[in-house]
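Subject: The structure, and what turned up in it

Hi there,

Here is the structure I promised to pass along. Have a look at it first, and then read on for my notes.

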Amino acid sequence: MSDAQHTYDYIIIGAGSAGCVLANRLSANPAASVLLIEAGGRDWYPWIHIPVGYFKTLHNPRYDWCYKTEPDPGLNGRSIDWPRGKVLGGSSAINGLLYVRGQPQDYDHWRQLGNAGWTWDEVLPYFMRAEDQERGADAYHGVGGPLSVSNMRVRREVCDAFIEAAAECGIPARDDFNRDDHEGVGYFQLTARKGFRCSTAVGYLKPVRRRSNLSVVTKAHVERIRFDSRRATSAVYRRSGTRIEARARREIILSAGAIGSPQILQISGVGPGELLQRLDIPVVHALPGVGANLQDHLQIRSVYKCRRPTLNDEVNNPLRKMLIGLEYILLRTGPMSMGASQVAAFAKTDPMLETPDIQFHFQPLSADKPGAGLHRFSAFTSSVCQLRPESRGYIEIRSPDAGAAPAIHPNYLSSLTDQNVTVAGMKLSRRICASRAMAPFVSEEVLPGSDVQSDEALLECARNIGQTIYHPVGTCKMGSDERAVVDERLRVHGVEGLRVVDASIMPTITSGNTNAPTIMIAEKAADMILDDTGGVSA
């Protein structure tokens, strides 16, 4: 292949939640050539497209990077799984499908930190442009966009009871969490279309794969970005044992996620100078914030045995399990059309707070941990997480080898505020499940257990059972301070021709599930890239 065939206007590294959006929008200009590089394979596995299929893809090394954290002091030295998608669509192909934008105040806060253009009013049009809302268009929702957003296609008696119980505890019923206020309880909406998952590979990439100016390479592991002085000029990747160098005329866009993007930057010589020197990596630009500012939502999963049958009973019964499959095949409804959780509740642990600071994920099932087999007894799960943790972790490479997973240090519960909010959330979960509406269902508290009563005991339980809820962000944060990695237009500080566009640019984590905000970031970034490089906005 000639050098000309290896040269593109834009090179996008990572075909995940953000990368597929960028590939669609940047290639809409037929005069611009676009290369999309993905380390994983094609999304041909049928379970990817069935909503409940995340049970088959999580912890599966064909579709999941299968990261593990370092032993974390805040979790009593435990190392926990951190799944991340390794397939076209990235984590949007293996996540729980839950569509939550976050609070308007999240984005107004980004602007208050100095990032012009990122207020709620300025990002809302990009949420709407992305969306094909099943309920129709209004002042907050759009139709006709690539990302299908639909109502839950299954309801459960115990889910309805949880909604009623939360209302008893002062959390108002709400049918839309994606407007100007999301305090309340109700059913999630899903990134799904007619009972099938709508990943960004399905919504954004599949419709444009035949564009002659768009090249997509899979099973291609990026080894580094090369620079000419301080300008990013090419991406080096390995595919089928062959090393290939692709050159960029305009820009290289890093969309490898909150773990992959800082890893690739560090390997390429952009990152903490002391770390790079220790690993004998030539320093292109010493940028101490690369890999820092790591944030995640830690979920504490309370499990209650139930007097009435739950999904545990159906899945563990061969005949009823077969009927579940038949319902999905014939109607695209039932348990196989479910997202990772059915009911959300956004609540305040202190009535003086302006906005909710905790989120519940309610499931009519239970397991020892996400992705594990369901318990053999009837039960449900009430999971709670702190929305705006103060704790900050970091990611750093272990070696110059791109194939070696980086060290992940979440530093969960290292802040006293995080500890107090987590305990308060566990107490509210217990109050809801002890309410009148839940009385016909609850027979026994399995976790934390009725013997766990004091704040100290609840915190100790949180350290022992807490798990990620799959929302790592912030490791290439947007800003202008000394720890910022990208500016408000997502250009990497100190170098040229390089941007980061994914969840890693969030200066602070959004108050809810992070997939919808990541897609919004990519929609907005596409316009900025086209504006800055002389392209034409889609």
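Which residues does Asn515 touch, not counting residues up to four places away in sequence? They are Ser17, Ser92 and Asn95. Before going further, please keep in mind that this is a predicted model. Asn515 is found in helix α14, which covers residues 515–532. With a relative accessible area of 12%, Asn515 is buried, because buried means under 20%.

**Around Arg197**

Two of the residues that Asn515 touches, Ser92 and Asn95, also appear among the contacts of Arg197. Arg197 lies in strand β10 (residues 196–197). What is the nearest side chain of opposite charge to Arg197, and how far away is it? It is Asp43, at 8.7 Å, and Arg197 has no salt bridge even though it is buried.

Arg197 does have polar partners, though. Its side chain makes a polar contact with the side chain of Asn95 at 2.8 Å. A polar atom of the Arg197 side chain also lies 2.8 Å from the backbone oxygen of Ile48. Leaving out residues up to four places away in sequence, Arg197 touches a list of residues including Ile48, His49, Pro51, Tyr54, Thr191 and Val202.

**Salt bridges**

Now for the charged pairs. As background, side chains of opposite charge can pair when their charged atoms come close. The structure holds 31 salt bridges, and here are three that I looked at.

- Arg174 and Asp181 form a salt bridge, with their closest N and O atoms 3.2 Å apart. Arg174 is partly exposed at 23% relative accessibility, and Asp181 is partly exposed at 35%.
- Glu251 and Arg499 form a salt bridge, with the closest N and O atoms 2.7 Å apart. This pair links distant parts of the chain, since Glu251 is in strand β14 and Arg499 is in strand β25 (residues 498–500), 248 residues apart. Both Glu251 and Arg499 are buried.
- Asp532 and Arg489 meet through their side chains in a salt bridge of 2.9 Å, N to O. This pair also links distant parts of the chain: Asp532 is in helix α14, Arg489 is in the loop between β24 (467–468) and β25, and the two are 43 residues apart. Asp532 is partly exposed, with a relative accessible area of 33%, and Arg489 is partly exposed at 24%.

Which residues are joined into one network by salt bridges that share partners? Glu251, Asp487, Arg489, Arg491, Arg499 and Asp532 are.

**Strands and hairpins**

Strand β14, where Glu251 sits, spans residues 242–254 and pairs with β13 in the antiparallel sense over six bridges. Tyr237 stands opposite Ile244 in β14. The hairpin of β13 and β14 has two residues between the strands, and Ser240 there takes a positive phi near 55°.

On its other pairing, β13 (residues 231–239) meets strand β12 (residues 221–228), again in the antiparallel sense, over seven bridges. The bridge partner of Arg226 in β13 is Ser234. β12 and β13 form a hairpin too, with two residues between them, and Ser229 in the turn has a positive phi of about 60°.

There is also an open sheet of three strands, in the order β5-β6-β8, with mixed pairing. Its edge strands are β5 (131–133) and β8 (189–190), each of which pairs on one side only. β5 and strand β6 (residues 147–151) pair in the parallel sense over three bridges, and the bridge partner of Gln133 in β6 is Val149. Helix α5 (residues 120–130) lies across β5 and β6, running at about 65° to β5.

**One enclosed helix**

Last, a look at helix α1 (residues 19–26). Why is α1 described as largely enclosed by the rest of the structure? Eight of its eight residues are buried, so α1 is largely enclosed. Those residues are Gly19, Cys20, Val21, Leu22, Ala23, Asn24, Arg25 and Leu26.

Happy browsing, and do write back with any questions.

Best wishes

Note on methods
Residues numbered from 1 in each chain as written. Predicted model: local features only at pLDDT ≥ 70, side-chain atom pairs only at ≥ 80, totals over all residues. Heavy atoms only, no water. Helix = DSSP H or I, 4+ residues; strand = E, 2+ residues; numbered from the N terminus. Buried < 20%, exposed > 50% of the residue type's maximum accessible area, 1.4 Å probe, protein only. Contact = heavy atoms within 4.5 Å. Pairing = 2+ DSSP bridges. Axes fitted to C-alpha atoms, helices over the stretch in contact; angles between N-to-C directions. Lys, Arg positive; Asp, Glu negative; His and termini not counted. Salt bridge = Lys/Arg side-chain N within 4 Å of Asp/Glu carboxyl O. Polar contact = N/O pair within 3.5 Å; in protein donor to acceptor, adjacent residues only side chain to side chain.
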